[in-house]
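Please find below a note on the structure, set out as numbered points. The points take up charge pairs, surface charge and strand pairing in turn.

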Amino acid sequence: MPVVPGYVLIADPGSMRFEFYHRELLNFWKARGVTPEIHIVDWRDVAQRDGRIGPLLPSGRSLLRVESPARDPGVIETLLDAGQRAKALSAPAAKNPQHGWIASPALLYAGLCLCLNGLSETLQASPQIQSAASPADIAVLFDKNETTRRLLAAGLPCPETFAPTGNADELLDELHRRGWQKAYVKLSHGSCASGIAVVSTEAPPTAITTVTQSDGDFFNTSAVYEASGRHLTKILEFIIQESATVQQAIPKTQVAGRNFDIRAVVIGGDVVATVFRVSSHPMTNLHLGGARGDADLCRRMIPTRHWLDAMDHCVEAARLFKLPAVGVDLAFHRDTCQPYLLELNAFGDFFPNWTNADGRSIHSMEIENTARRFQLI
């Protein structure tokens, strides 16, 4: 009789991310004639318990996967409450369930870190549970400034970056002092292009952004537009207030006159997927009008030596973190083809309907690699 593997999935059970991974996990073991025991722990329960979920865990040997908290309002609400506790704040956190609302990223991050710290303590007290990911490394990858520091310490190529303080005028003064014509001003704890402004310093300063303001709150919009004047000032000061990273803009390699960058997914020390993202905007995210580029056409724009160097850099970056998969965003300089690592993603393995030449999804490769690493197969 084959051994029945046990899994614990920390996830938002209503999210598409969870549904895709759950289906792939069942299919992987079904092909081996096994039905795994899958124990689901809702992120809401994790946040309400500050990550101390020992009573919710099974008693048998199980492999833990931490999935992205996703964007469900209920999950966000519980993480904001956890952030309140982490910062010992007495006033209730402001909550606005409207679509696109940028919930306080600094408070969300404080709540996430509280949960991940509690989860680490739980794992130490629960020897029957093995985690595929280090909770501490997940926390680092949700801090763009800390991630960049780790990459630079390892000698990996990143655009010049700094963490701003002060107000919007001081930020713009610093960009002028550095001689940067364009810069990405991002939420240090944001993801999916949330809270981002690509600033052009030529007078008067403007920014390509997805951030807008309404009734005192800030929102993401899928309509990329140009902000200027007092409106831009408010956007920049909101991003700075919530903890920001400022990254010198690298002119990206183009195909057919459109910018492109790459999401490389590293699993088990290998780049298993490279997804090209093409856009006429500085941000190439698919939900902002970007598109998946023709892989062969885009690849031909990069000399082989630079491409191989970039893949090595992605692997080296992933090795700095104990995670089952790492998504690496990289770009090549338009003039020199020099590769630069832009961001790393703890949950960068979700590409619905993507398969490699053998018809395998990223999740299926990740599940197999993790099963082998923990001797389940």
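A salt bridge is taken here as a side-chain nitrogen of Lys or Arg within 4 Å of a carboxyl oxygen of Asp or Glu. The model is a predicted one.

1. The structure holds 24 salt bridges. In one of them D50 pairs with R85, and the closest N and O atoms are 2.6 Å apart. This pair links distant parts of the chain, since D50 sits in the loop between α2 and β3 and R85 in helix α3 (residues 73–86), 35 residues apart. D50 is buried, with a relative accessible area of 15%, whereas R85 counts as partly exposed at 40%.

2. A salt bridge also joins the side chains of E121 and R52 (3.2 Å, N to O). Here too distant parts of the chain are linked: E121 belongs to helix α4 (residues 105–124) and R52 to the loop between α2 and β3, with their positions 69 residues apart. E121 is partly exposed at 41% relative accessibility, and R52 is likewise partly exposed at 41%. The loop that carries R52 runs between α2 (43–48) and β3 (62–66). The C-alpha atoms of R52 and L123 are separated by 9.1 Å, although these residues are 71 apart along the chain.

3. Within helix α10 (residues 304–319), where does the partner of R305 stand? R305 forms a salt bridge with D309, with 3.1 Å between the closest N and O atoms. The two residues are separated by about one helical turn, because they are four residues apart in helix α10. D309 is partly exposed, with a relative accessible area of 27%. Elsewhere, salt bridges that share partners join R17, R65, E67, D349 and E366 into one network.

4. On the surface, D169, E170, D173 and E237 gather in a patch of negative charge. Helix α7 (residues 168–178) gives the most to this negative patch, with three residues. D173 lies in helix α7. Is D173 buried or exposed? With a relative accessible area of 52%, D173 is exposed, because the cut-off for that class is over 50%.

5. Six strands form an open sheet in the order β5-β10-β6-β7-β8-β9, with antiparallel pairing. Its edge strands are β5 (161–162) and β9 (217–228), each of which pairs on one side only. Within the sheet, strand β6 (residues 182–187) and strand β10 (residues 244–248) pair in the antiparallel sense over five bridges. L187 has A244 in β10 as its bridge partner.

6. Strand β1 (residues 6–11) is mostly covered, with six of its six residues buried. Which residues line its two faces? G6, V8 and I10 are on one side and Y7, L9 and A11 on the other, and all are buried. Strand β1 runs parallel to strand β2 (residues 37–42), and six bridges join the two. In this pairing I10 stands opposite V41 in β2.

7. Strand β16 (residues 339–345) is also mostly covered: seven of its seven residues are buried. Strand β15 (residues 326–332) pairs with β16 in the antiparallel sense over six bridges, and L330 stands opposite L341 in β16. The hairpin of β15 and β16 has six residues between the strands, and in this hairpin C337 takes a positive phi near 65°.

Notes: Residues numbered from 1 in each chain as written. Predicted model: local features only at pLDDT ≥ 70, side-chain atom pairs only at ≥ 80, totals over all residues. Heavy atoms only, no water. Patch = residues over 30% accessible without salt bridge, like charges linked within 9 Å, V, L, I, M, F, W, Y side chains within 5 Å. Areas by Shrake-Rupley, 256 points an atom, 1.4 Å probe, with all protein chains shown as cover. Lys, Arg positive; Asp, Glu negative; His and termini not counted. Charge placed at Lys NZ, Arg CZ, Asp CG, Glu CD. Buried < 20%, exposed > 50% of the residue type's maximum accessible area, 1.4 Å probe, protein only. Pairing = 2+ DSSP bridges.
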